[in-house]
Amino acid sequence: MTTADVDLAKFLTQERHNVHLIGVAGSGMSGIAGLLLQLGHDVSGSDKLDTLETDRLQRLGLKFYQQHRAADAHDAELVIYSSAIKKENPILKSAQEGGKRTVRRAQALAAIMSAKRGILVAGMHGKTTTSAMAAHVLREGGLHPSHYVGAEIPILGTNAHWDARGEFFVAEGDESDGTIALFHPEHALVLNIEEEHLDFYADLAAIEKVFRQLLAQTTGKVFYCADEPNAARICRSSDRVICYGLSAEADYRATKIELRNFSSVFRVYRGQEKLGEAVLNVPGEHNIKNALGVIALATELGVPFEKIAKSLTKFQHARRRFEIKYDSPRFLLVDDYGHHPTEINATLKTAKSVGRKRVLTMFQPHRYSRTKALRKEFGRAFDQADRIVITDVYGSNESPIPGVSGQMIVDEILAHGHPGASYQPKLELMHRDVGNMLESGDLVLSLGAGNIHEQLSILAADLVIAERLKEIVGEDGDVRLYEPLSKHTTLRVGGPAQFWVEPRNEATLSELIRFCRREILPLFVIGRGSNLLVRDGGIRGVVVHPSGGDFDKIDINKNEITAGVGAKLKEIAYAARAADLGGLEWMEGIPGAVGGALRMNAGAMGAQTFEKVVRVRYLDSEGNAHDKNRDELEVHYRHFPLLEQNFAVSATFRGAPAPREQIESRLHESQEKRRTTQPIAKSAGCIFKNPDKCPAGKLVDELGLKNSSVGKARVSAVHGNFIVNDGGATATDMLELIDRIKQTARSKRGIELETEVQIVGEPI
Ligand code: EPU
């Protein structure tokens, strides 16, 4: 250590001063602020963000400024800055120009550590977990360690703590910027060494050099993982080494390993001596190795094995390390910070070993430089996942590199031979992509060091509701998240339904209505979607599709046909024919089901639904059933107001006995009319209601608008009142075309066209 280092250590740990931290909200910087406050300094800090951490620190005495102004650090005798801080930062600049002492975060940490017997935990993966585990075990062992770890650790209380009673200081070293070479610990625990942070290091040799320097500055023991080839090669040559791992030659090793869902049990040996049994409540083989490192360290520091084993059992994970966000017999949602191919591989291995049917992964690459440098490794890292959705890179403080995106990793995974990868450039849509893939038995894993976990949280919150909906509809029914409504409309357009629910009977529908009312969830009923234009943002809340079971039933009793709302009108026309009942042939030409036909009082061939209706059964907004005869119902052209607030269950239609040939001939006539006057392309039937003056189709035709288009939406050349989807049209295209037609009809003919098609949902 240089004299300057010694001075800094004295300044920070034996004296009291005025210190300012630039970037104090960062997870590493907030830990330093916490230590300095506990050491009795006057601490101020600046950051563009305020966080829960800065709130907590302010309660402990931090003077926090949510901006970087030189004046706020005027009284500071020392300025500590995070590596995310740019040279031009006004506080840093003014401090340096004014000749004030400025140090990097790691320098301050190394100085604080030097006041105690330092234990530095280093390596590319598992540092936070292992340093937290070490601090916890030494604390339970009565050694009163101080600690500094890179994340909030519930079991430790805070990310950093100064304990004046103890001799030891456990810290997580950050190798990403070479600053671990600043430490002079008594002991070092080296977990693994491999190519990482290639934005900073030229190659593995450069990384090795930094580690070798750290080892040369370590005065006590070097603990390293014998299963890690680089770590073993680099550490082996030091004096006083102790190795641990699963390999037979390790000084501390585990045997009889039993990996369970979220825990593992193993036997620990020191050489030939059996120390005892350990139970670890954090999952995965890699954590057994981490625990062995801690066992080796604590044992060498004199903590009895029984105490170590007891405290290991109590140890809980850091946040975002295989953190369980949702757990039910059907689904398990887990979040993990893993962002390097090795970590991803290890976490996926753990996820697979949990024993659910499939593992679905959402991944957000972290940093452009890493994505670019390790693209091949990323391509091979997802073998254990069944499906992978990848979004764009979380840049951290990096600027984008042209051509480097999530797509690049998807391409690598596909090229590597895994067919299950897809790209979603919009982070905010990730939960939808993965949510819509869900099947009972799935484990969903969010991976990445950026903000992908927020997407998993949204999914978890929606899953809570989806599971309750599933309980209501039971085994027969179906519930899906974020179901694309383009799959359920004849126009093949529309964003997703937040909750798609298929009940199979009246009792279930009634319960759904009550549930949505209680939970204040919007409820929308959709039939065959033949008269529906759903906007591209989809429908929020519960979208109920009564289908199958009782809803598809058609019963004939003398001249009356009773059909559930899910029954197709076409089927009713054919059932009537089979029973020699006439008058319902026109139903053949309507693509929808009973529910929609009632709602719209749909018509064809000059007839309208309600001309044939005898009775309607419906549920009111509280889920209670009612039967109403036709004469009690108010009905208009293409409009049945009762169903604005209520939900149809079934309807009874009246046919009239007629000769079979007559029925056949009318059916034929309807088919011919459709075949010759209407397009077969994807459409929602007639878009506009017929105005009094002139049928809408004729009007559009006369206005010369046939074949006019917006995007992939086009006015049919066959019939002017049909807009067809040429493939991939959006609701936005459709709505713009509708608007154009309306404007032209208004300006050229003074006719106000009104849409017949129901337009619902939210814009994107
Ligand atoms: N016409 C034109 N050019 C066109 C389209 C129609 O000149 O591009 C003329 C036809 O030649 C006819 C008149 O306009 O003289 C009316 O056309 P059509 O007979 O096709 O009937 P429509 O009123 O356009 C109605 C229903 C259709 C139903 C048919 C057949 C409305 C809004 N539409 O169409 O229902 O299939 O009758 O019975 O009432 C639906 O509602 O979604 C639907 C398709």
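The legends below describe close-up views of a predicted model.

**View 1. The six-stranded open sheet.** The six strands follow the order β16-β17-β21-β18-β19-β20, and their pairing is mixed. β16 (323–327) and β20 (421–423) stand at the edges with a single partner strand each, so one side of each has no neighbour in the sheet. On average, neighbouring strands of this sheet are turned by 15 degrees against each other, direction ignored. At one edge, β16 pairs with β17 (residues 331–336) in the antiparallel sense over four bridges. Within this pair of strands, Asp327 stands opposite Leu332 of β17.

**View 2. Helices on the six-stranded sheet.** Helix α14 (residues 406–415) packs on the sheet, where it touches β18 (358–363), β19 (387–390) and β20. The direction of α14 makes about 160 degrees with that of β20. Helix α16 (residues 453–473) also packs on the sheet, with contacts to β16, β17, β18 and β21 (442–447). The direction of α16 makes about 165 degrees with that of β17.

**View 3. The four-stranded open sheet.** This sheet has the strand order β22-β23-β26-β24 and mixed pairing. Its edge strands, β22 (478–484) and β24 (523–525), each pair on one side only. From one strand to the next, the twist averages 30 degrees. β22 and β23 (residues 496–502) run antiparallel and are joined by six bridges. Leu481 has Phe499 in β23 as its bridge partner.

**View 4. Helices on the four-stranded sheet.** Helix α15 (residues 430–437) lies across β22 and β23 and runs at about 145 degrees to β22. Helix α16 packs on this sheet as well, touching β22, β23 and β26 (539–544). The direction of α16 makes about 140 degrees with that of β22. Helix α16 thus appears in two views, since it packs on the six-stranded sheet and on the four-stranded sheet.

**View 5. Polar atoms around the ligand.** Of the 21 residues around the ligand, those that come nearest are Met605, Arg638, Lys673, Asn690 and Gly720. An N or O atom in the Lys673 side chain is 2.4 Å from an oxygen atom of the ligand. At Cys686, a backbone N or O atom lies 2.8 Å from a ligand oxygen atom. A ligand nitrogen atom is 2.8 Å from an N or O atom in the side chain of Asp701. The ligand taken alone exposes 810 Å², of which the protein buries 75%.

**View 6. Make-up of the ligand shell.** The elements giving two or more residues to the shell are β30 (603–604) and α22 (696–702). α22 supplies the largest share, three residues. By class, the shell has eight nonpolar, seven polar and six charged residues.

Key
Residues are numbered from 1 along each chain as its sequence is written. This is a predicted model: local features need pLDDT of at least 70, side-chain atom pairs count only at pLDDT 80 or more; totals for chains, interfaces and linings use all residues. Side-chain values use heavy atoms; hydrogens and water are left out. Two strands pair if DSSP finds at least two bridges between them. Axes are lines fitted to C-alpha atoms, for helices over the stretch in contact, and angles run from 0 to 180 degrees between N-to-C directions. Contact means heavy atoms within 4.5 Å. A residue is near a molecule or strand if one of its heavy atoms lies within 4 Å of it. A polar contact is a pair of N or O atoms within 3.5 Å; within protein, one must be able to donate a hydrogen and the other to accept it, and residues adjacent in sequence count only if both atoms are side-chain atoms. Accessible areas come from the Shrake-Rupley method with a 1.4 Å probe; for residues, only the protein chains shown count as cover. Ala, Val, Leu, Ile, Met, Phe, Trp, Tyr, Cys and Pro count as nonpolar, Asp, Glu, Lys and Arg as charged, and the others, Gly among them, as polar.
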